[in-house]
Amino acid sequence: MSKPLKQIHLAAHFPGVNNTTVWSDPAAGSHIEFDSFAHFARTAERAKFDFLFLAEGLRLREQGGEIYDLDVVGRPDTFTVLAALAAVTTHLGLTGTINSTFNEPYEVARQFASLDHLSDGRAAWNVVTSWDAFTGENFRRGGFLPREQRYERAREFLATAHELFDSWDGGELLADPVSGEFLRDARAGAFAHRGEQFDISGHFNVPRSPQGRPVVFQAGDSDEGREFAAAGADAIFGRYGTLDAGRAFYADVKGRLAKYGRTPDELKILPAATFVLGDTDDEARELAHEVRLKQVSGATAIKYLEHVWNRDLSGYDPDGPLPDVDPVPGENTVAQGRASVRTHRDPADVAREWRELAGARGLSIRELVIETTGRQTFVGSPLTVARAIDGLVQADAADGFILVPHLTPGGLDAFADTVVPLLQERGVFRREYTGPTLRDHLGLAAPRALAPAHH
Amino acid sequence: MPVRPSPSPEVHLAVALDGAGWHPAAWREPGADAARLFTAGYWASLVAEAEAGLLDFVTFEDSLGLQSTDPAGPDGRTDLVRGRLDAVLVAARVAPLSRHIGLVPSVVATHTEPFHVSKALATLDYVSRGRAGLRVQISERPDEAGHFGRRAAGGDIAGLYGEAADHVEVVRRLWDSWEDGAEIRDVATGRFVDRARLHYIDFEGPHFSVKGPSITPRPPQGLPPVSALASDAAGYPFLAGSADLAHVTPGNADEARAAALALPGAPHVFGELTVFLDDRPEDAERRLQRLDAAHGAAYTSDARIFAGTPQLLADLLLEWHGAGLTGFRLRPGVLAHDLPAITRGLVPELQRRGAFRRSYGAATLRGLLGLEHPANRYAAAGGAGPTRSGAAAAASAPATVAA
């Protein structure tokens with residue numbers, strides 16, 4: 001008997017501050033005005049997506065000591081947009097990145113519990129960490145968290161937030177005007193956390209929310225990141241959307257769950273993916289090439305190369321050959337505020353590989369950057385794209401995808417109208433939401449309360 | 001010294017939303033809907049009622065600890081409303097459901113990051129299209145300090161006000177850190193922003209330092225109005241230095257006059273009153289007594305407690321208005337009863353006397369309050385000659401909208 005078809009999970013990432021967003025397109029709208037977010041969210045909900053995802057930034061990016069101005073710059077506050085979107089949607093999950101370094105657990109737990117109440121159970125938290133002094137210059141705590149402590153703080157931050165969520169077990173709220181009992185139990189919300197990172201106690205002042213606690217997402221590819229996700233996350237933003245790399249990542253991460261007493265279904269693996277649709281595969285490929293040219297201008301290519309070379313390359317011709325000078329070793333001082341800069345392998349190795357590739361194929365700087373920076377993309381007719389997505393999910397390379405259109409805010413429309421119906425016909429994607437909460441969409445059980453019951 | 005807008009025959013009116021109302025027994029009243037305090041629908045219906053009454057704005061109370069009768073921490077009581085949702089998120093949740101009314105959430109400056117607060121309020125201004133305000137407060141409570149664990153409990157009040165003043169200064173500088181029109185989308189040069197119109201704020205103070213610029217572009221109002229309350233003169237220096245809307249709690253017209261004179265630079269001085277309104281004065285008095293009996297104690301407040309008819313309240317408000325107050329933030333004793341009494345009783349009474357608007361005449365909260373779209377401090381300093389964006393122009397242009 002063949003394996004039953006896996007159900008695909010789909011989410012939409014509102015595109016933002018990176019060169020995948022084609023802001024120069026005449027169809028590109030605002031990335032700040034609420035109408036853009038509302039349009040994007042309504043499209044995702046019309047398509048029965050699991051959730052919408054918002055990234056976060058806490059300092060404007062800089063390069064060469066100046067604010068980077070070639071990509072979309074600026075974005076709104078995550079919590080505030082998600083709360084407003086709760087008013088214009090009814091089922092769509094609302095996922096936001098919130099940093100565990102430049103926030104405090106009590107405040108973040110309050111905000112997520114509030115969002116979960118205000119959305120009737122649709123809140124999710126992508127927990128990220130930061131250690132850099134650059135971002136820290138905007139915050140009270142300043143910049144300095146030793147790099148090795150970032151997962152330690154994140155782990156304790158998340159555990160502390162869970163203690164706060166669980167400090168109400170859900171049975172305390174009586175609000176009985178006749179008896180005069182508002183609470184059943186005066187200990188509602190009592191908590192005490194004593195740890196290396198946080199030493200806090202008192203009363204959490206938001207009653208237990210519809211999902212108990214928000215769905216937790218985690219991003220990151222390091223061994224520590226994978227372990228952190230396996231230990232406590234509900235979903236991980238995978239990095240690999242190709243068959244072999246995706247299957248390897250999938251097997252590795254799902255394999256880590258057992259030691260935490262968890263089953264493979266309890267952690268969804270969702271890589272980010274871009275897409276370009278056309279009436280035919282050829283048309284889509286042609287369109288995709290045009291999009292890449294808009295995404296990587298000559299100026300953008302030079303700036304991108306500087307991330308690796310860690311030095312000013314403004315004198316080089318983007319249509320010429322790669323620089324013959326070597327990258328500056330050590331900490332990247334040219335580009336600030338970018339995660340991608342920190343995840344590069346040894347720049348000398350990257351430069352060597354790129355020179356070989358450019359030499360072998362006669363690529364200019366711009367052509368090389370276009371060639372090497374393309375992320376996973378689904379390019380083709382709606383049928384081709386639907387088959388590719390389904391194929392990767394059924395082959396256990398992913399549980400679904402977080403789609404990142406290159407246009408704001410209408411970039412999701414065609415996908416919703418053409419690819420989603422094909423996935424529904426194949427029986428691998430929902431036609432209607434089957435429950436009200438994001439946990440329902442993701443097939444996650446209600447969280448187990450960690451705190452002892454009060455009564 | 002900045003000068004208050006010339007005295008207007010019209011008063012400004014705001015309502016303070018908190019739980020089921022300001023009387024501790026309010027949640028037990030008919031229609032109080034206390035089981036729904038933690039739902040979006042509850043807050044949306046209150047805001048809709050306030051908007052139907054053409055009020056300038058609503059405020060959302062907040063705190064970082066459980067409500068308590070004991071300033072030191074939780075009182076262990078189970079017979080009163082306990083627990084509340086984050087005020088900024090409540091305001092954002094109702095913003096798309098309302099069109100005209102200002103939305104002013106409370107934020108505790110003592111334990112929050114001005115960078116986060118600045119972008120949250122800027123975003124509230126975007127999602128409400130120019131209707132956001134910030135109500136800033138301090139926290140002296142040791143239990144709230146214990147929720148953060150970063151600092152010793154309490155501290156002297158002057159220090160807390162000083163920190164809050166820095167907080168407001170940072171928030172405003174961050175709002176100004178993008179000039180209007182900084183987003184240029186210049187396809188020819190490939191530049192999305194004109195970085196010359198983005199500014200580091202470089203704030204250095206004893207409590208925190210913040211580099212900037214904001215991650216969020218300048219909000220539609222430029223600088224959303226900042227409101228703060230001081231129940232006694234100890235807080236007046238903070239109000240004078242930091243608030244667009246200085247809220248005070250006089251007990252009579254003389255005290256109202258004294259407060260207005262003490263805050264000459266504040267664009268607005270609002271008086272606060274807790275109100276119990278009924279068609280006959282004796283009904284209002286009796287209702288207050290009934291609430292007190294249910295609670296087991298007489299209600300006390302830092303603000304004047306008014307129990308009477310909307311007509312008598314209108315008399316009092318206009319008397320205090322004459323003494324120099326530009327507006328009022330009313331605290332309904334029981335939201336389910338006294339909010340409709342304000343919107344359907346007090347408002348028509350004030351309108352009859354020519355003392356309140358008959359339709360919303362501006363699209364933004366600053367507009368409703370008669371405040372101009374503010375110049376950007378950095379643009380002025382740099383002499384960059386900013387072009388005003390569409391949003392900025394909309395913020396100051398009076399818009400004719402149906403009530």
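Two strands are counted as paired if DSSP finds at least two bridges between them, and that criterion is the one to keep in mind for a small region of chain A in this predicted model. There, strand β3 (residues 62-63) of chain A is joined to β15(A) by two bridges, the two strands running antiparallel, and A:Gln63 stands opposite A:Ala335, a residue of β15(A). The pairing belongs to an open sheet of three strands, which in chain A follow the order β4-β3-β15 with antiparallel pairing. Its edges are formed by β4 (66-67) and β15 (335-336) of chain A, each of which pairs on one side only. In general, the strands of a sheet pair through backbone hydrogen bonds, either parallel or antiparallel.

Before turning to side chains, the reader may want to know how confident the predictor is. For the complex it gives an ipTM of 0.96 and a pTM of 0.95, while chain B has a mean pLDDT of 92, with 92% of its residues reaching 70 or more. Residues 383-403 of chain B, however, have a pLDDT below 50, although this stretch has 35 contacts in the model beyond near neighbours in sequence. Where pLDDT is low, the predicted coordinates should not be read in detail.

Aromatic rings offer another route through the structure, which holds 29 aromatic pairs over all chains. One of them is formed by A:Trp23 and B:Phe192, whose rings meet edge-to-face at 5.4 Å centre to centre, with 70 degrees between the planes. This pair crosses between chains, since A:Trp23 sits in the loop between β1 (9-13) and α1 (34-46) of chain A, and B:Phe192 in strand β6 (residues 191-193) of chain B. Both A:Trp23 and B:Phe192 are buried.

Within chain A, A:Tyr304 and A:Trp354 form a stacked pair, with 6.3 Å centre to centre and 25 degrees between the planes. Because A:Tyr304 lies in helix α9 (residues 298-309) of chain A and A:Trp354 in helix α11 (residues 347-361) of chain A, the pair ties together parts that are 50 residues apart in sequence. A:Tyr304 and A:Trp354 are both buried. Elsewhere, ring pairs link A:Phe79, A:Phe112, A:Trp125, A:Phe157 and A:Phe198 into a cluster.

Rings in chain B also lie beneath charged side chains: B:Lys211 is placed over the face of B:Tyr200, at 4.9 Å from the ring centre, and B:Arg331 lies over the face of B:Trp22, at 4.8 Å from the ring centre.

Technical notes: Residues numbered from 1 in each chain as written. Chains lettered and ligands numbered in written order. Predicted model: local features only at pLDDT ≥ 70, side-chain atom pairs only at ≥ 80, totals over all residues. Heavy atoms only, no water. pLDDT = per-residue confidence, 0-100. Contact = heavy atoms within 4.5 Å. Phe/Tyr/Trp six-rings, centres within 6.5 Å; stacked < 30°, edge-to-face > 60°. Helix = DSSP H or I, 4+ residues; strand = E, 2+ residues; numbered from the N terminus. Buried < 20%, exposed > 50% of the residue type's maximum accessible area, 1.4 Å probe, protein only. Lys NZ or Arg CZ within 6 Å of the ring centre and 35° of its normal.
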